Amino acid sequence: MPRWFAPALALAAAALFWVAVALQGALDIQREERPPAIITAGPVQLLLYGGDRFLGANIESIRAAASVTANDAENFRLRAHLAVSRLNPCHEDNYWIGNASLTWGGAEEQGFSILHNAMYCRYWDEWPAFFYGFNQQFFLHNVPEARRMLEIAAQRSPANAAAFRNFSIMLAAGEIDDVRLAIEMLLREREQTTDTKLREMLNKRVVRLRGLLVLRDAQAAFETRFGQRLSRPEELLERGLLEAFPDDPLRLGYEFRDQTFHLTKLTIQ
Amino acid sequence: MNLIKSDIYQGLNIAVHSRLFSIVLWLVAALVISVMLAAQFSARQPATVALDIGITVIHLALPLLVILLVQELFSREFERKFFLNSFTYPRDRSYWLLGRFAAILIIAFSLLLIMGLILALLSLNIASAYPQATPVGLGLPYLITLGFTAIDLLVVISIAILLAVSATTPSFVLIGTIGFVLIARSYTPIIELLRANPYAVEQFSADPRLYQDSLGLLAFLLPDLGRLDVRMIALYDKMTFLPSDWPLLLGATLAYVTALLSLGVWVLNKREFN
């Protein structure tokens, strides 16, 4: 065997390996845009993180926040936020971002369970209770439960108690324009944050809610002008009240049931 | 008393002449870097996340340092047959063990204080940049958290020493201590999580005490280091998160430490060197 044979073979084999890696696309930068797919169960995570549930909660919450703007990461975020909520239910970022990203991103039931855990763990914090109450009204139209939560929020915060109780009374009287209010709430959250990714995430949810507002306003205009209930959403286009249906940046869309427009829920795999 | 003083001094001397200082520098650097980075990832509670990650780093770094010190002060002694010299003095071997235990204790607790102080300063700095809705409690709650961490460290030191005097290879100290700490720290949170998540095990909804009984037996073998982690009182400045039976918890852990150390002395006295 000639002396050059072994190094040449090594070089050739290495070249082959690199070509194979390049063909697999492992170095493709676009891959990084994909959300991480694996979420381990809470007990397993604990062992991985040295029995430290707080470390597990922090790492999962950072992972969830890092994938906050990707549309196809919804299923990943769902499980990550829920995992944090079990490991450390008091985590403030988790319930705040989880509520904005899941509840207003079509997964309100998961949002409810995160807020529920946060509300019990953070027994001094009025915001999980307020969000929980507001969402009860918005998604489930459960006014008694919403008012009960608002009362809890009022008891926790002497500074905001009057505002919460006032809101509760308006809920009971049915005087709340909940879509406009939800948009205002998300806009205020967007103002408070300095993180560009978070702002973008909140922006998408605002645009989505504005689309719902356009649909509901068009329906109201239709019903006052023609004096009849809207039976098919297409009528809005046919009668010229809308040029086109609004686009949902989350690609979930809107649905027409019980003769009103609603946000479509995320299908969970 | 004078006899044990010389042992402590000797232990400190060996530790200082090993690579102690460079390891300490690395650990402090790891603390500062991870705390500053972690704070960047939090939108609404950067100081809490910084403190949280910092306590985690302390919880991971100090046992590592303790294991290295025990290897240096105990295993190496047997490996290089230095005991031929140190055990020839006409006195009990327990002085030797307790003296070196005290030396490790002094180093570990001083580093705990230094890292705790650095972490408090970093958290204060981060907290001043962003006023949180729920500020961190850096006063008494933080001191209590560090105190409970010190008790946790005491267990780690004792188990490492027991393993070192009974084992013949130094690597067993590393593996054994890490395994012990991992299980002792995680079993209570795991039971809690299993209880909170009935989907994890199908039979669980039928029998909610399924794991409590079998895993509860562990509590008789291992100290409950998971509940010694009381950082929530400092993270959210709410003393209600302190376990209500904390005197019992501390008493049980200290009893466990005493048992481990006496066992270590007994094993060392019985051990035959050839």
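A cavity here is a set of grid points where a 1.4 Å probe fits but cannot get out, and its lining residues have an atom within 4 Å of a point. Keep in mind that this is a predicted model.

**Stop 1: the largest cavity**

Start with chain A. Select Trp96(A), Ile97(A), Ala100(A), Glu189(A), Gln192(A), Thr193(A), Leu198(A), Met201(A) and Leu202(A). Now add Ala43(B), Arg44(B) and Tyr130(B) from chain B. Together these residues line the largest cavity. Its volume is about 100 Å³.

Next, color by element. Helix H5 (92-102), helix H10 (178-192) and helix H11 (196-226) of chain A are the elements that give two or more residues to this lining. Then color by domain. Domain 1 (8-122) and domain 3 (182-269) of chain A each provide at least three residues of the lining.

What is the chemistry of the wall? The lining of the largest cavity divides into eight nonpolar, two polar and two charged residues.

**Stop 2: the second largest cavity**

How many cavities of 30 Å³ or more are there? The count comes to three. Go to the second largest, which holds about 40 Å³ of space.

Select Ser61(A), Ala65(A), His81(A), Asp93(A), Asn94(A) and Ile97(A), plus Phe41(B). These residues form the lining of the second largest cavity. Ile97(A) also belongs to the lining of the largest cavity.

Which helix gives the most to this second lining? H5(A) does, with three residues. Helix H3 (53-66) of chain A, like H5 of that chain, supplies at least two. By class, the lining of the second largest cavity has three nonpolar, three polar and one charged residues.

**Stop 3: H3(A) against H3(B)**

Stay with H3(A), and show helix H3 (residues 46-79) of chain B beside it. The two helices pack at an angle of about 130 degrees, and their axes are 9 Å apart. H3(A) is therefore oblique to H3(B). Their crossing is left-handed.

**Stop 4: H3(B) against H5(B)**

Keep H3(B) on screen. Hide H3(A) and show helix H5 (residues 93-129) of chain B. The axes of H3(B) and H5(B) lie 10 Å apart, at an angle of about 160 degrees. Angles over 145 degrees count as roughly antiparallel, so H3(B) and H5(B) are roughly antiparallel to each other. The crossing of H3(B) and H5(B) is right-handed.

Finish by selecting the residues in this contact. The contact of H3(B) with H5(B) divides into 28 nonpolar, three polar and two charged residues.

How values were computed
Residues numbered from 1 in each chain as written. Chains lettered and ligands numbered in written order. Predicted model: local features only at pLDDT ≥ 70, side-chain atom pairs only at ≥ 80, totals over all residues. Heavy atoms only, no water. 1 Å grid on protein atoms, 1.4 Å probe; cavity = no way out; pocket = protein on both sides within 12 Å on 5 of 7 lines; lining within 4 Å. Points joined across faces, edges and corners; volume = space filled by probe spheres on them. Helix = DSSP H or I, 4+ residues; strand = E, 2+ residues; numbered from the N terminus. Nonpolar A, V, L, I, M, F, W, Y, C, P; charged D, E, K, R; others polar. Domains from an automatic or database assignment. Axes fitted to C-alpha atoms, helices over the stretch in contact; angles between N-to-C directions. Parallel < 35°, antiparallel > 145°, perpendicular 65-115°, else oblique. Left-handed = near helix turned anticlockwise from the far one by under 90°.
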